[in-house]
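Here is a short briefing on one protein chain. Keep the sequence and the 3D view open while you read.

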Amino acid sequence: MKQKNISLTRYLVEQQRVDGLIPGQLRLLLEVVARACKRIALAVNKGELGEVMGSAGTENIQGEVQKKLDIIANETLIEANEWGGHLAAMASEEMEGIYLVPNRYPLGEYLLMFDPLDGSSNIDVNVSIGTIFSVLKKPEGHPGVTEDDFMQPGNQQVAAGYCIYGPQTTLVLTVGDGVAMFTLDREQGSFVLTRENVRIPEDTKEFAINMSNMRHWDEPVKRYIDECLQGKEGPRGKDFNMRWIASMVSDVHRILCRGGVFMYPWDKREPNKPGKLRLMYEANPMGWLVEQAGGAATNGRQRILDIQPTQLHERVSVILGSKNEVERVTSYHSGT
Ligand code: P6P
């Protein structure tokens with residue numbers, strides 16, 4: 001019988017003790033990130049009452065206007081993680097360079113990357129947003145940490161997850177042994193295991209893409225979406241539904257819960273950019289979660305987790321979700 005009320009702490013201790021999957025330092029890291037997400041959830045949930053809404057009047061490295069909550073979330077993650085002795089450095093969508101753990105704190109063996117508040121264009125309209133994080137091991141054999149230490153493909157991640165701030169606050173996590181979901185019990189103040197061994201159906205009737213960009217897409221994407229729109233009478237022989245929340249965390253969470261395919265492909269608006277989404281702290285963690293749940297994640301031509309990064313904030317085209325749909329879109333790109 002499924003045991004009730006298993007806290008995140010107990011789940012991680014058991015994964016550490018029983019499966020040896022999570023060394024103590026990694027367990028500490030994940031618990032600290034979860035605590036930081038609880039604090040971010042408190043700020044997000046305050047809304048207008050907490051004077052946390054609206055623009056901060058600054059821009060981030062991406063040239064995007066920062067929301068006050070973007071900065072609050074970033075600072076919360078930095079402050080929560082810098083003193084624990086489990087990290088060597090951090091990197092964030094909101095910071096140009098890497099953040100070295102200050103000398104006054106002990107150095108750990110992990111590298112933490114995050115998008116502190118993904119989907120922040122939804123903050124002011126009360127639509128779900130989230131924190132995405134990815135964990136790598138610092139390469140051994142040399143002292144100190146540089147940006148080069150972060151240049152590891154997504155298949156080297158040792159943990160990845162997100163926390164979605166929606167009707168529920170839910171932490172979704174993988175350490176390479178499937179995907180587990182933990183819902184925040186506000187009365188206890190702790191994340192409680194609510195789903196494990198999450199599986200994405202291999203087929204779907206639901207796609208997520210920003211249709212307003214249709215005229216800018218490459219031909220394989222136009223072909224795939226056009227076939228979906230033709231419905232029963234078309235080559236797919238079934239009707240499709242569409243969703244687009246403009247919050248990757250929300251769209252991916254829906255796919256983990258009921259299947260679907262999410263696409264943010266390269267388009268002609270900025271042809272020199274491979275895509276809009278960032279490889280290191282959006283596509284890699286989400287791609288691993290999706291694969292761990294039986295789905296697939298490619299950039300249209302190759303597995304996202306096999307892409308060798310060259311820059312901390314590099315972007316990538318993203319097609320992820322139900323395995324058979326991702327394989328179909330990818331086959332259209334290779335002309336097969
Ligand atoms: P668009 C949010 O800004 C984000 O990075 C993802 O969370 C989301 O999927 C995408 O951009 C939305 O982009 O162009 O539809 O606003």
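Which residue stands opposite C163 in β7? It is T131. The model is predicted. The points below cover strand β7 and its partners, then an open sheet with a helix across it, then the loop residue R199.

**Strand β7 and its partners**

- Strand β7 covers residues 159-165, and 7 of its 7 residues are buried, so the strand is largely enclosed by the rest of the structure.
- In a regular strand, side chains alternate between the two faces of the sheet.
- In β7, A159, G161, C163 and Y165 point one way. A160, Y162 and I164 point the other way. Residues of both sets are buried.
- Strand β6 spans residues 129-137 and is joined to β7 by 7 bridges. These two strands run antiparallel.
- Strand β8 (residues 169-174) also pairs with β7 in the antiparallel sense, over 6 bridges.
- β7 and β8 form a hairpin, with 3 residues between them.
- In that β7-β8 pair, Y165 stands opposite T169 of β8.

**The open sheet and helix α7**

- Strands of a sheet pair through backbone hydrogen bonds, either parallel or antiparallel.
- An open sheet is built from 5 strands, in the order β12-β11-β13-β17-β15. Its pairing is mixed.
- Why do β12 (241-242) and β15 (296-298) each have one side without a neighbour in the sheet? Both stand at the edges, each with a single partner strand, so one side of each is left without a neighbour.
- For β15, 3 bridges lead to β17 (residues 318-321), and the two strands run antiparallel.
- A296 has G321 in β17 as its bridge partner.
- Helix α7, residues 323-333, lies across β13 (261-264), β15 and β17. The helix runs at about 150° to β17.

**R199 in its loop**

- R199 is found in the loop between β10 (190-195) and β11 (206-208).
- Is R199 buried or exposed? R199 has a relative accessible area of 53%, so R199 counts as exposed; the cut-off for exposed is over 50%.
- Leaving aside neighbours within four places in sequence, R199 is in contact with L256, Q292, A293 and G294.
- One of these residues, Q292, has its backbone oxygen 3.4 Å from a polar atom of the R199 side chain.
- R199 and C257 are 58 residues apart along the chain, yet their C-alpha atoms are separated by 7.9 Å.

How values were computed:
Residues numbered from 1 in each chain as written. Predicted model: local features only at pLDDT ≥ 70, side-chain atom pairs only at ≥ 80, totals over all residues. Heavy atoms only, no water. Pairing = 2+ DSSP bridges. Helix = DSSP H or I, 4+ residues; strand = E, 2+ residues; numbered from the N terminus. Contact = heavy atoms within 4.5 Å. Axes fitted to C-alpha atoms, helices over the stretch in contact; angles between N-to-C directions. Buried < 20%, exposed > 50% of the residue type's maximum accessible area, 1.4 Å probe, protein only. Polar contact = N/O pair within 3.5 Å; in protein donor to acceptor, adjacent residues only side chain to side chain.
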